[in-house]
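Here's a quick briefing to read alongside the model. Have the sequence and the 3D view open, and work through the points topic by topic.

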Amino acid sequence: MLKNRIEVCGWLAAKPILRYLPSGTPVASGRLGETYSYTSQGKTEQHTNWHSVSFYGDLANLATALNKGDHLFVEGSIEQRQFTPADGSKRTIWELIVHSFHLVGDPKSRTSTPVPETVNAGDGPAHNDWPVG
């Protein structure tokens with residue numbers, strides 16, 4: 001059995017932006033950054049990976065309460081999407097479709113004490129409600 005599942009713990013780069021699909025389904029989109037450290041030639045380096053995240057349906061409405069700097073643990077699946085912007089070039093992006101998330105710690109103090117506040121979307125959005133390129 002094949003699985004498409006990812007878990008990421010990181011910080012929101014900005015407040016998620018809410019929009020609606022033609023079907024009326026709400027979608028909140030944002031960016032999540034996760035930073036890790038490593039040692040290279042005796043020197044400690046840091047690297048940040050940025051993930052595009054999308055919250056659908058009830059999760060989108062809940063995500064609008066999130067703010068820049070909130071520390072989140074998200075679980076979901078990776079989707080590839082292609083589109084053509086106004087300049088005519090073809091673009092491909094990868095986005096994390098959030099199936100569940102919870103806040104980690106107090107965003108104001110930027111601590112990392114887990115908070116038992118998990119939000120689930122069941123099996124995620126129906127495939128026909130996902131954006132396509």
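Helices and strands here are DSSP runs, with at least four residues for a helix (H or I) and at least two for a strand (E), numbered from the N terminus. On that basis, this protein has one helix and seven strands. Keep in mind that you're looking at a predicted model, with an average pLDDT of 83 for the protein.

**How far to trust it**
- A pLDDT of at least 70 is reached by 77% of the residues.
- Strand β2 (residues 17-20) comes out on top among the elements, with the highest mean pLDDT at 97.
- At the other end sits strand β7 (residues 114-120), whose mean pLDDT of 43 is the lowest.
- The pLDDT is below 50 over residues 112-119, a stretch that has 19 contacts in the model beyond near neighbours in sequence.
- Residues 122-133 also stay under 50 in pLDDT, and the model gives them 23 contacts beyond four places in sequence.

**Overall layout**
- Walk along the sequence and you'll meet the elements in the order β-β-β-β-α-β-β-β.
- The protein has 133 residues, and 34% of them count as buried.
- If you take the contacts with a separation of 6 or more, 56% are between residues 24 or more positions apart.
- The accessible surface is about 8500 Å², with 51% of it belonging to carbon and sulfur atoms.

**Strand β1 and its partners**
- Strand β1 (residues 6-12) pairs with strand β5 (residues 71-83) in the antiparallel sense, over six bridges.
- To find this pairing on screen, look for G10, which has L72 in β5 as its bridge partner.
- β1 is also joined to strand β3 (residues 26-40), again antiparallel, by two bridges.
- For this second pairing, L12 is a handy landmark, with L32 in β3 as its bridge partner.

**A closer look at E75**
- Is E75 buried or exposed? This residue of strand β5 counts as buried because its relative accessibility is 14%, and the cut-off for buried is under 20%.
- What does the side chain of E75 make a polar contact with? The partner is the side chain of R5, at 3.3 Å.
- Leaving aside residues up to four places away in sequence, E75 touches R5, I6 and E7, along with I97, V98, H99 and S100.
- Of those neighbours, I6 and E7 fall within the residue range of strand β1 (residues 6-12), the strand that pairs with β5.

Conventions: Residues are numbered from 1 along each chain as its sequence is written. This is a predicted model: local features need pLDDT of at least 70, side-chain atom pairs count only at pLDDT 80 or more; totals for chains, interfaces and linings use all residues. Side-chain values use heavy atoms; hydrogens and water are left out. pLDDT is the predictor's confidence in each residue, from 0 to 100. Contact means heavy atoms within 4.5 Å. Buried means under 20% relative accessible area, exposed over 50%, partly exposed in between (1.4 Å probe, protein chains only). Accessible areas come from the Shrake-Rupley method with a 1.4 Å probe; for residues, only the protein chains shown count as cover. Two strands pair if DSSP finds at least two bridges between them. A polar contact is a pair of N or O atoms within 3.5 Å; within protein, one must be able to donate a hydrogen and the other to accept it, and residues adjacent in sequence count only if both atoms are side-chain atoms.
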